[in-house]
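Here is a short briefing for a reader who wants pockets and sheet topology at a glance. Keep the 3D view open while reading.

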Amino acid sequence: MDYDFNKTLDHRQDQSIRWQQPEGRDDILGMGTADLDYFCAPCVKEATLAVCEENTFNYRTKPKAYYEAITGWFQRRHNMAVEKDWIRELPSTVGSIRLTIGAFCKPGDYILMQTPCFTPLKAAIEGAGCRFLENPMILRDGRYEMDFEDFEEKIKAYRPSMFILVSPQNPTGRVFTKDELERMVDICEKYNVLILSDEVHFLITYDGHTHTPILALSEKARKISILVFSFSKGFNIMGLPHAMTLIPDPNLRKRWDDYLIPYDFHYAVNAFSIAAVTAIASGKGDAWLEEVTAYLKENRDYFVQAVKAKELPITPLIPEASFLFWIDCRKTGIAPEKLGQAFMEQAGISLNNGLDHGEAGRGFIRLNFAVTREHLELAVNRIAKMFGK
């Protein structure tokens with residue numbers, strides 16, 4: 001490998017949210033929040049240093065190279081034609097989703113989403129005065145599947161104005177197939193439901209699973225869908241906030257623009273973020289992404305094999321995308337409400353209790369494996385000790 005993912009900063013010292021230490025402890029492994037521990041691709045440093053050296057941070061338009069990089073990236077990676085006019089920017093993916101809800105939904109509307117879910121999106125729905133409508137996924141043979149019967153029945157009964165699709169799904173790590181996505185689109189088109197597709201976890205996939213952007217499906221999908229994405233989850237640039245919202249349909253685009261005018265985000269352009277995203281999307285980070293994906297796959301497989309070899313009473317579901325384990329802990333005997341506390345106190349690991357992802361997460365935990373191999377091995381050993389192995 002050209003990049004060494006076994007070396008990183010001591011994130012206990014750099015204000016990392018994930019590595020925050022509780023009072024009286026300095027040995028807690030940060031394995032919760034979804035960012036990576038690794039140094040960024042060199043092109044990110046090169047691009048942002050160039051901006052820093054200018055030492056002027058005036059109002060700026062986005063350069064032609066930025067749009068060419070974004071459109072070229074989708075064409076190169078997904079064989080998907082994107083027009084410059086489709087692209088809008090905001091500093092936050094969740095913020096973009098919240099504002100898109102405001103643009104297209106009214107208080108009291110139902111908004112449908114699969115569960116278990118990423119709860120900030122549920123908060124965005126409820127913060128807009130809308131009602132969260134659950135489409136529980138079905139866990140079958142260690143893999144979550146869509147419940148299409150429930151999906152259509154909920155739409156028929158409650159007539160939601162919007163379906164928020166998280167693709168790949170967080171926290172389950174499912175990569176939806178093209179057939180699944182087309183079926184979702186057919187049902188939503190039939191009942192006049194707008195699709196808002198959150199695709200922030202789509203950069204890292206494993207084992208031949210291929211992410212299909214909702215806008216790459218068909219003209220039908222492009223007429224009823226809005227796509228939100230960011231390069232942050234794949235390239236670890238969460239500290240350079242930059243989310244893109246793609247809106248192909250001109251009528252939807254006008255409605256979105258009219259709603260966003262008072263927020264004046266046209267001027268909210270971070271020169272560092274634009275430079276980093278342009279460098280990444282132009283292909284300068286492709287080799288780094290390939291190598292970090294390979295490293296993460298090794299981490300994933302090591303953890304699964306170690307849990308099995310040590311006969312631990314937990315069952316990690318094998319993620320098809322991203323770097324988050326969704327782990328079944330129902331055989332541990334630990335009360336679901338106490339899982340996060342138990343792993344913190346008994347194993348020295350900070351992670352996410354499944355109940356943080358809604359009632360469908362009862363008895364599960366979410367664990368981030370985008371750490372060094374040393375830290376992952378330490379986590380396995382601590383978990384084994386926790387269960388007397």
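The points below cover two pockets, an open sheet and a crossover.

This is a predicted model. Its largest pocket has a volume of about 760 Å³, and the second largest about 490 Å³. Four strands form an open antiparallel sheet. Elsewhere, β3 and β4 pair in the parallel sense.

**Largest pocket**

- The volume of the largest pocket is about 760 Å³.
- Its lining counts 30 residues, and the closest to the centre are Cys-40, Asn-236, Ile-237, Met-238 and Gly-239.
- Helix α1, residues 42-54, gives the largest share of this lining, with four residues.
- By class, the lining of the largest pocket splits into 15 nonpolar, eight polar and seven charged residues.

**Second largest pocket**

- The second largest pocket comes to about 490 Å³.
- Of its 24 lining residues, Lys-62, Arg-88, Glu-89, Phe-265 and His-266 are the closest to the centre.
- Three elements give two or more residues each to this lining: β2 (87-90), α9 (250-260) and α10 (271-284).
- The largest share is that of β2, at four residues.
- Twelve residues of this lining are nonpolar, five are polar and seven are charged.

**Open antiparallel sheet**

- The strand order is β11-β12-β15-β14, with antiparallel pairing.
- The edges are β11 (315-317) and β14 (352-353), each of which pairs on one side only.
- Strands β12 (residues 324-328) and β15 (residues 364-368) are joined by five bridges in the antiparallel sense.
- Within this pairing, Ile-327 has Ile-365 of β15 as its bridge partner.
- Helix α11 (residues 286-309) packs on the sheet and touches β11 and β12.
- The direction of α11 makes about 20° with that of β12.

**Parallel pair and crossover**

- Strand β3 (residues 110-115) pairs with strand β4 (residues 131-136) over six bridges, in the parallel sense.
- One of the bridges links Thr-115 with Pro-136 in β4.
- Between the two strands, the chain passes through helix α4 (residues 119-127).
- This β-α-β crossover is right-handed.

**Background**

- Strands of a sheet pair through backbone hydrogen bonds, in either a parallel or an antiparallel sense.

Conventions
Residues are numbered from 1 along each chain as its sequence is written. This is a predicted model: local features need pLDDT of at least 70, side-chain atom pairs count only at pLDDT 80 or more; totals for chains, interfaces and linings use all residues. Side-chain values use heavy atoms; hydrogens and water are left out. Two strands pair if DSSP finds at least two bridges between them. Contact means heavy atoms within 4.5 Å. Axes are lines fitted to C-alpha atoms, for helices over the stretch in contact, and angles run from 0 to 180 degrees between N-to-C directions. On a 1 Å grid over the protein atoms alone, a cavity is a set of points where a 1.4 Å probe fits but cannot get out, and a pocket is an open set with protein on both sides within 12 Å along at least five of seven lines; lining residues have an atom within 4 Å of a point. Grid points are joined across faces, edges and corners, and a volume is the space filled by probe spheres set on the points. Ala, Val, Leu, Ile, Met, Phe, Trp, Tyr, Cys and Pro count as nonpolar, Asp, Glu, Lys and Arg as charged, and the others, Gly among them, as polar. A crossover is right-handed if, with the strands pointing away from the viewer, the path from the first strand over the helix to the second runs clockwise.
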